[in-house]
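Colleague: I would like a close look at one part of this model, the salt bridges. Please go through the pairs one by one and then place them beside the other features you have.

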Amino acid sequence: MSSVDVVGIDAGAVSRWFQTLGVDFAGPLAFERIGLGQSNLTYLVRDQGGRRWVLRRPPLGRLLASAHDVAREARILTALEGTAVPTPRVLGLTGDPAVTDAPLLLMEFVDGQVVDTMSIAQSLTPEHRRAIGMSLPRTLAKIHAVGLEATGLTGLAGHKPYAQRQLKRWSGQWERSRTRELPALGDLTRRLVAAVPEQREVTLVHGDFHLRNVITSYDSGEVTGVLDWELSTLGDPLADMGSLLAYWPAKGENTSGDFGAASLDGFPTREELVAVYSAASGRDLTALGYWHAMGLWKVAIIAEGVMRRAMDEPRNKAASGTPTAERIDALVAKAHEVADTAGI
């Protein structure tokens, strides 16, 4: 596919923007849509000398307010540059209409393995899968240890209780993006509203932390880059751990659509992930069952939104296919089961 054929990018205008950034490159630049993202669109940029960069922009078509904010993502990545959290460096950000019809974020290319398809996950040894899995909760603990004052992220979001903010935000997203009636989700929302745990601390939270949103070392399996910070905010750190568990199916569970990698031999169990996070963070995890249920609730709502966007604008469909109503129903059913176990 030639550069001019890539949806969402004006190759000539972006090349002229590159020149203003002081980025050393040998034109012409080539652009290729990469990743399975159904949210912000991601492109690999190559020059004639073999150098690589990554470009991000919001999806095409009608967007919900506050979603897909790449400028905010750029702010967070820039703030994290001097911390223990592995992230790509930001090289440029523009909303100039002469360059693009939507904000563009340019980042360095971090080499490594993104385990975002079953074929990649199946190609790994069980030992390597285990190393990747065990690195995930340790990386989360690093994110939650970031000093808000030191990084200038204190004002990233309000410090009001995170659970209520999340319940309000994602209930609103559901109302705006749902494709059908789903009484079980309404019941789950009511359960979560009634059982909000006390918030004991406020940290940086990633907001969408899972296997497909990290780059890992080909050698050690350690996380070398955390991606997709568009949902990042300040809140309860257990929310991130709940999301990770929500995206981590056990054998025989049907909540993961066509990506049930975590159930392959070698990947740690949910219980092992919790133990690693507990050791790395030293946190009281009493309320984690609540956040696991909310994580499943949120993933269901996100999946419905992706389904809706693909219906409204077929060009937003990604290589991984679109979530199905059956998978969303399974997520909601699992969330009820987790809530039962947690006594909420």
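Modeller: The salt bridges come first, then a helix, a pocket and one serine.

This is a predicted model, in which local features need pLDDT of at least 70, side-chain atom pairs count only at pLDDT 80 or more, and totals for chains, interfaces and linings use all residues. Residues are numbered from 1 along each chain as its sequence is written, and side-chain values use heavy atoms, with hydrogens and water left out.

A search of the whole structure finds 20 salt bridges. The term stands for a side-chain nitrogen of Lys or Arg within 4 Å of a carboxyl oxygen of Asp or Glu. Side chains of opposite charge can pair when their charged atoms come close.

Take aspartate 24 and arginine 51. Their side chains meet in a salt bridge, 3.1 Å from N to O. Aspartate 24 sits in the loop between helix H1 (11-20) and strand S1 (30-34), and arginine 51 in the loop between strand S2 (41-46) and strand S3 (52-57), so the bridge ties together parts 27 residues apart in sequence. Helices (H or I, at least four residues) and strands (E, at least two) are DSSP runs, numbered from the N terminus. Aspartate 24 is exposed, at 57% relative accessible area. Arginine 51 is partly exposed, at 34%. The cut-offs are under 20% for buried and over 50% for exposed, with partly exposed in between (1.4 Å probe, protein chains only).

Strand S3 brings in arginine 56. The side chain of arginine 56 forms a salt bridge with that of aspartate 228, 3.0 Å from N to O. The pair links distant parts of the chain: arginine 56 is in strand S3, aspartate 228 in the loop between strand S8 (223-226) and strand S9 (233-235), 172 residues apart. Arginine 56 is buried, at 3%. Aspartate 228 is partly exposed, at 22%. Both belong to a network of salt bridges that links Arg56, Glu73, Asp228 and Glu230.

Next comes arginine 57. Arginine 57 forms a salt bridge with aspartate 101, with the closest N and O atoms 2.8 Å apart. Arginine 57 is in strand S3, while aspartate 101 is in the loop between strand S4 (90-94) and strand S5 (104-108), 44 residues away. Arginine 57 is buried, at 2%. Aspartate 101 is exposed, at 65%.

Now the helix. H10 covers residues 288-312, and its 25 residues should span 36 Å at 1.5 Å a residue; the end C-alpha atoms are 36 Å apart, which agrees. The expected span is 1.5 Å times one less than the number of residues. In H10, 20 of the 25 residues are buried.

H10 also helps to line the second largest pocket, as do H9 and helix H11 (325-342), each giving two or more residues. The volume of this pocket is about 280 Å³. H11 gives the largest share of the lining, five residues. Among the lining residues are Arg270, Glu271, Leu288, His292, Lys334 and Glu337.

Last, serine 256. Serine 256 lies in the loop between helix H8 (238-246) and helix H9 (270-281). Serine 256 is buried, at 12%. Beyond its neighbours within four places in sequence, serine 256 is in contact (heavy atoms within 4.5 Å) with Pro249 and Arg327.

Notes
On a 1 Å grid over the protein atoms alone, a cavity is a set of points where a 1.4 Å probe fits but cannot get out, and a pocket is an open set with protein on both sides within 12 Å along at least five of seven lines; lining residues have an atom within 4 Å of a point. Grid points are joined across faces, edges and corners, and a volume is the space filled by probe spheres set on the points.
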